[in-house]
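Colleague: Could you take me slowly through one part of this model, and then show me how that part sits among its surroundings? I am new to reading structures, so please name each residue as you go.

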Amino acid sequence: MRLRTLTLAAASGAALLAAGVLPANASATAPSTAGPKSAQEGSVSAADLLAKVQSCSQISNGKYKTDDETSATVPVCGKNGAVFWKADMDVDCDGQRTTNCNEDRDPWYQDDTAFHQSDGKPLKAETLPYVVVPSSSSIWNYSGAGIKGGGVVAVIYNNKVEYAVVGDTGPTKIIGEASYATAKALGIDPDPATGGADSGVTYILFKNSKVSPIESHSAAVSLGDQLAKQFLANN
């Protein structure tokens with residue numbers, strides 16, 4: 001697995017709700033603390049989503065590496081209402097300390113995430129499915145593309161769909177990372193040091209979306225299913 005850059009981009013203001021954001025319609029939903037049981041989630045199939053992302057209209061100024069030692073081969077692609085990329089999955093355990101996410105289990109562990117829960121605490125990687133986006137750089141600026149903290153992501157692997165939120169930022173030149181809970185739900189080894197998937201993971205990030213509260217996985221699934229249906233209709 002790659003050596004993760006031990007820097008965390010400042011997230012001040014990055015999760016502000018922009019005009020035209022689709023409502024979650026689930027803000028009153030109690031936050032899910034147990035984490036997802038398993039994918040498939042929602043009513044839209046992995047096959048239907050993947051059929052819409054066969055070709056890439058590149059919107060990034062360059063391409064990303066999946067690991068420190070690999071060449072840059074992954075572009076960020078644009079679609080109506082979404083951006084996507086196809087990469088590997090490194091496991092992020094950053095955020096609140098839990099049984100499986102801590103300094104002893106993860107040699108790159110950090111006790112913070114770029115975006116925080118509604119109570120101000122870091123996210124909990126062991127139970128909350130979230131995705132890491134590259135920190136803004138000359139390659140690509142996620143916020144300029146309508147992607148924000150708490151935005152909904154459909155993560156697809158092995159014909160399964162898992163809905164997650166944008167929860168953390170990572171290195172400026174590397175892409176393909178998600179939380180312990182995301183990996184586990186998709187049947188990927190979630191061990192932060194030795195697990196992950198080498199390839200075959202598709203990340204579809206829905207523009208101008210925001211889950212409220214960010215820590216409510218059930219709200220992410222509800223909004224994600226709605227946005228996935230719109231994505232199929234508009235592409």
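Modeller: What follows is a close look at one helix and one of its residues, and after that at some other places in the chain.

Please keep in mind from the start that this is a predicted model, and that every value below is computed from it. The chain holds 3 helices and 7 strands, and, when read along the sequence, these elements follow the pattern α-β-β-β-β-β-β-α-β-α. Of its 235 residues, 55% count as buried. Among the contacts between residues at least 6 apart in sequence, 78% join residues that are at least 24 apart, and the helix I have chosen offers an example of such a pairing.

That helix is helix 3, which covers residues 217-234. It has 18 residues and reaches 25 Å from its first C-alpha to its last, which is close to the 26 Å expected at 1.5 Å a residue. Its buried residues are His 217, Ala 219, Ala 220, Val 221, Leu 223, Gly 224, Asp 225, Leu 227, Ala 228 and Phe 231. These buried residues pack against helix 1 (46-51) and against several strands, namely strand 1 (77-79), strand 2 (82-92), strand 4 (152-157), strand 5 (160-170) and strand 7 (197-206).

Within this helix, let us stop at Asp 225. Its relative accessible area is 14%, and because a residue under 20% counts as buried, Asp 225 belongs to the buried group. What does Asp 225 touch, once its neighbours within four places in sequence are left aside? Its contacts are then Gly 42, Ser 43, Val 44 and Tyr 163. With Ser 43 there is a polar contact, in which the backbone nitrogen of Ser 43 lies 2.7 Å from a polar atom of the side chain of Asp 225. Tyr 163 is the pairing I promised, for Asp 225 and Tyr 163 are 62 residues apart in sequence, and yet their C-alpha atoms are 8.3 Å apart in space.

The loop that lies between strand 7 and helix 3 also deserves a careful look. Pro 213 is in this loop, and a cis peptide bond, with omega at about -5 degrees, joins Ser 212 and Pro 213. Asn 208 is found in that loop too, and its phi is near 55 degrees, a positive value in a residue other than glycine. At 30% relative accessibility, Asn 208 counts as partly exposed. Another positive phi, of about 65 degrees, belongs to Asn 159, which is not a glycine either. Asn 159 has its place in the loop between strand 4 and strand 5, and it is exposed, with a relative accessible area of 59%.

Two further buried residues have side chains that take part in polar contacts with the backbone. Ser 60, in the loop between helix 1 and strand 1, is buried with a relative accessible area of 6%. Its side chain reaches the backbone oxygen of Gly 62 at 2.6 Å, while the backbone nitrogen of Val 76 lies 3.1 Å from a polar atom of the Ser 60 side chain. Not counting residues up to four places away in sequence, Ser 60 touches Pro 75, Val 76, Ile 139 and Trp 140.

Thr 182 is found in helix 2, residues 180-185, and it is buried, with a relative accessible area of 0%. The backbone nitrogen of Tyr 130 lies 3.1 Å from a polar atom of the side chain of Thr 182. Beyond its neighbours within four places in sequence, Thr 182 is in contact with Met 89, Pro 129, Tyr 130, Val 155, Glu 162 and Ala 164.

Finally, there is some enclosed space to consider. A search of the whole structure finds 3 cavities of 30 Å³ or more, and about 40 Å³ of space lies in the second largest of them. Of the 10 residues that line this second largest cavity, the closest to its centre are Val 132, Ile 174, Ile 175, Gly 176 and Glu 177. Strand 3, which covers residues 130-134, gives the most to this lining, with 3 residues. By character, the lining divides into 6 nonpolar, 2 polar and 2 charged residues.

Notes
Residues numbered from 1 in each chain as written. Predicted model: local features only at pLDDT ≥ 70, side-chain atom pairs only at ≥ 80, totals over all residues. Heavy atoms only, no water. 1 Å grid on protein atoms, 1.4 Å probe; cavity = no way out; pocket = protein on both sides within 12 Å on 5 of 7 lines; lining within 4 Å. Points joined across faces, edges and corners; volume = space filled by probe spheres on them. Helix = DSSP H or I, 4+ residues; strand = E, 2+ residues; numbered from the N terminus. Nonpolar A, V, L, I, M, F, W, Y, C, P; charged D, E, K, R; others polar. Buried < 20%, exposed > 50% of the residue type's maximum accessible area, 1.4 Å probe, protein only. Contact = heavy atoms within 4.5 Å. Polar contact = N/O pair within 3.5 Å; in protein donor to acceptor, adjacent residues only side chain to side chain. Expected span 1.5 Å × (residues − 1).
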